[in-house]
Amino acid sequence: MCGIAGIVAHQNVNQELYDALTVLQHRGQDAAGIVTCEGNRFYLRKDNGLVRDVFSTSQMLRLRGNMGIGHVRYPTAGCTSSAEAQPFYVNSPFGLTLAHNGNLTNTEQLKKELYQQDQRHINTDSDSEILLNVFAHELQQLGKLKISADDVFTAVSKVHKRCRGAYAAVVMIAGFGILAFRDPHGIRPVVYGQRKTESGIDYMIASENVALDVLDFTRTRDLEPGEAIFIDAEGTVQTRQCADNPMYSPCIFEHVYFARPDSIIDDISVYKARLRMGEKLAEKILREWPNHDIDVVIPIPDTSRTSALQLANRLGVKFREGFIKNRYIGRTFIMPGQQMRRKSVKQKLNAISLEFEGKNVILVDDSIVRGTTSEQIIQMARDAGAKKVYMASAAPPVRYPNVYGIDMPAAHELIAHNRTTEEVCQAIGADYLVYQDLDDLIDAVRRGNPKIQQFDTSCFSGKYVTGDIDQAYLDRIEALRNDDAQNQQRCSENFIIEMQNHH
């Protein structure tokens with residue numbers, strides 16, 4: 001999962017892109033990058049680390065120009081090399097730079113085509129570099145020295161024909177403008193808006209509207225699946241549907257976990273969707289366990305707080321904050337490697353014993369992925385004096401890998417894979433476990449926008465909306481994503497760094 005942003009304004013955009021990326025930091029903590037354009041020249045800074053660590057004052061001052069794009073990243077295949085930080089750049093045609101959120105599912109085929117047919121070199125293992133080169137090739141094939149917005153849209157339509165998977169991308173063309181486009185299923189989010197100034201109208205594109213809000217941009221709307229928007233350097237805006245058969249299928253996990261609660265994605269309030277998730281979960285508890293003995297509802301901060309509050313209200317049970325979070329520790333879901341995740345949980349949360357002593361508590365989390373965190377937190381609750389510890393997940397069991405840009409690991413590392421609810425309950429050490437039903441989750445989210453006929457629910461259902469995922473593909477990504485492979489990748493990188501330092 002990543003965050004993207006792009007701005008065309010009447011003044012330097014370096015500081016505003018920086019501010020936008022800090023607001024989107026929850027979408028990726030591995031690397032950050034900004035590229036701006038002044039005249040026909042790009043100015044780029046990117047590296048591993050948080051936004052605040054990647055950009056110094058002197059580096060920010062070098063990012064000149066009134067249009068630019070930015071990116072925050074975390075890896076979906078274990079590679080944390082700074083070479084894969086975004087935005088990516090190619091010089092031909094015209095000078096292009098791209099930031100991408102999502103994951104292509106036909107990368108091997110595209111990589112072969114780019115080398116054998118398009119004669120383009122791919123220098124990293126990133127599918128984002130592949131996406132950029134596919135777009136660059138299709139734009140170059142038009143054979144024009146001077147291009148128009150129509151030409152840009154034509155290239156996007158050809159990208160849609162070649163690329164499969166999930167992609168929300170923003171592209172800057174040197175001296176010409178900024179383009180954003182969304183895959184024909186609309187799996188990953190992208191929104192745009194505008195802001196009136198004394199000098200004219202500024203435009204902004206981002207993964208979530210919260211980035212627009214903090215910079216006083218007014219949200220216009222989300223891009224439709226398959227749609228593209230082009231804003232030229234003078235501020236002229238054009239949009240076009242570039243896909244033949246778009247099918248709205250946004251990722252439902254954005255609402256479960258990734259998006260900020262104050263975001264609106266595809267006209268659905270994430271906050272209200274999570275309230276409805278809590279209500280649905282409470283109704284299931286009342287239906288299946290009417291004589292429950294829950295004394296207190298305690299959220300596992302932060303993402304589950306909204307659902308937990310509504311669950312408590314519906315059950316008529318006290319809601320209490322039982323865990324204090326150290327906000328200087330990153331999200332454990334994003335942490336590479338199981339050992340690091342285990343260590344970070346105890347650094348991240350501390351229990352307030354007064355809220356646990358002698359009580360039957362139900363802990364609410366947004367989802368249960370590997371189960372490691374849940375097991376540790378349940379033990380923390382017991383150590384704090386809880387009499388019984390129940391667990392509720394605002395999402396259904398995560399049983400299948402996500403192939404569209406979320407680092408959900410190899411199937412065998414998912415605690416619910418090939419396990420019943422009772423077996424998961426026993427594995428994490430809970431006295432009782434309740435999962436959200438998938439139909440209830442879909443209803444809770446869809447109620448915000450009934451025109452969406454389906455969601456990507458693949459990590460819960462095993463049904464992949466792009467229709468091109470088979471077991472052979474899942475086996476390949478399992479080899480890339482399991483913790484052993486990620487540890488081996490990091491060891492290899494550390495060895496390279498040590499050798500470079502030695503020499």
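User: Before we look at α9 and α10, what makes a helix crossing left-handed or right-handed?
Analyst: A crossing is right-handed if the near helix is turned clockwise from the far one by less than a right angle, and left-handed if the turn is anticlockwise. Please note that this is a predicted model.

User: Which crossing does α9 make with α10, left-handed or right-handed?
Analyst: The crossing of α9 past α10 is right-handed.

User: At what angle do they pack, and how far apart are the axes?
Analyst: The angle between α9 and α10 (residues 305–315) is about 40 degrees, and their axes lie 7 Å apart. The two helices are therefore oblique to each other.

User: Which residues make that contact?
Analyst: On the α9 side they include Y271, R274, L275 and M277. Among those of α10 are T306, S307, Q310 and L311.

User: Turning to α5 and α6, at what angle do they pack?
Analyst: Helix α5 (residues 127–140) packs against helix α6 (residues 149–162) at about 130 degrees, and their axes are 8 Å apart. That angle makes α5 oblique to α6. In passing α6, α5 forms a right-handed crossing.

User: Which residues of α5 and α6 meet there?
Analyst: From α5, the contact involves L131, V134, F135, H137, E138 and L139. Their partners in α6 are D151, V152, A155, V156, K158, V159 and R162.

User: Now the interior. How many residues does the largest nonpolar core have?
Analyst: The largest nonpolar core has 37 residues. Those with the most contacts inside it are F253, M277, V403, Y404, I406, V445 and F460. The elements giving two or more residues to this core are α8 (253–258), α9 (270–288), α14 (438–446), α15 (458–461) and α16 (471–481). A second, separate core has 32 residues, including F88, L110, L132 and A136.

User: And α13, which of its residues are buried?
Analyst: V424, C425 and I428 are buried in helix α13 (residues 421–428). Viewed down the helix axis, the buried residues of α13 fall within an arc of 105 degrees, so they line one face of the helix.

User: What is on the face turned away from that buried side?
Analyst: That face of α13 carries the exposed residues E422 and Q426.

User: What covers the buried residues of α13?
Analyst: The covering elements include α12 (372–383), β21 (388–393) and β22 (432–435).

User: Which residue follows α13?
Analyst: G429 follows α13, and the phi of G429 is positive, near 80 degrees.

Key:
Residues numbered from 1 in each chain as written. Predicted model: local features only at pLDDT ≥ 70, side-chain atom pairs only at ≥ 80, totals over all residues. Heavy atoms only, no water. Buried < 20%, exposed > 50% of the residue type's maximum accessible area, 1.4 Å probe, protein only. Helix = DSSP H or I, 4+ residues; strand = E, 2+ residues; numbered from the N terminus. Arc of directions from axis to C-beta. Contact = heavy atoms within 4.5 Å. Core = buried A, V, L, I, M, F, W, Y, C linked by side-chain atoms within 4.5 Å. Axes fitted to C-alpha atoms, helices over the stretch in contact; angles between N-to-C directions. Parallel < 35°, antiparallel > 145°, perpendicular 65-115°, else oblique.
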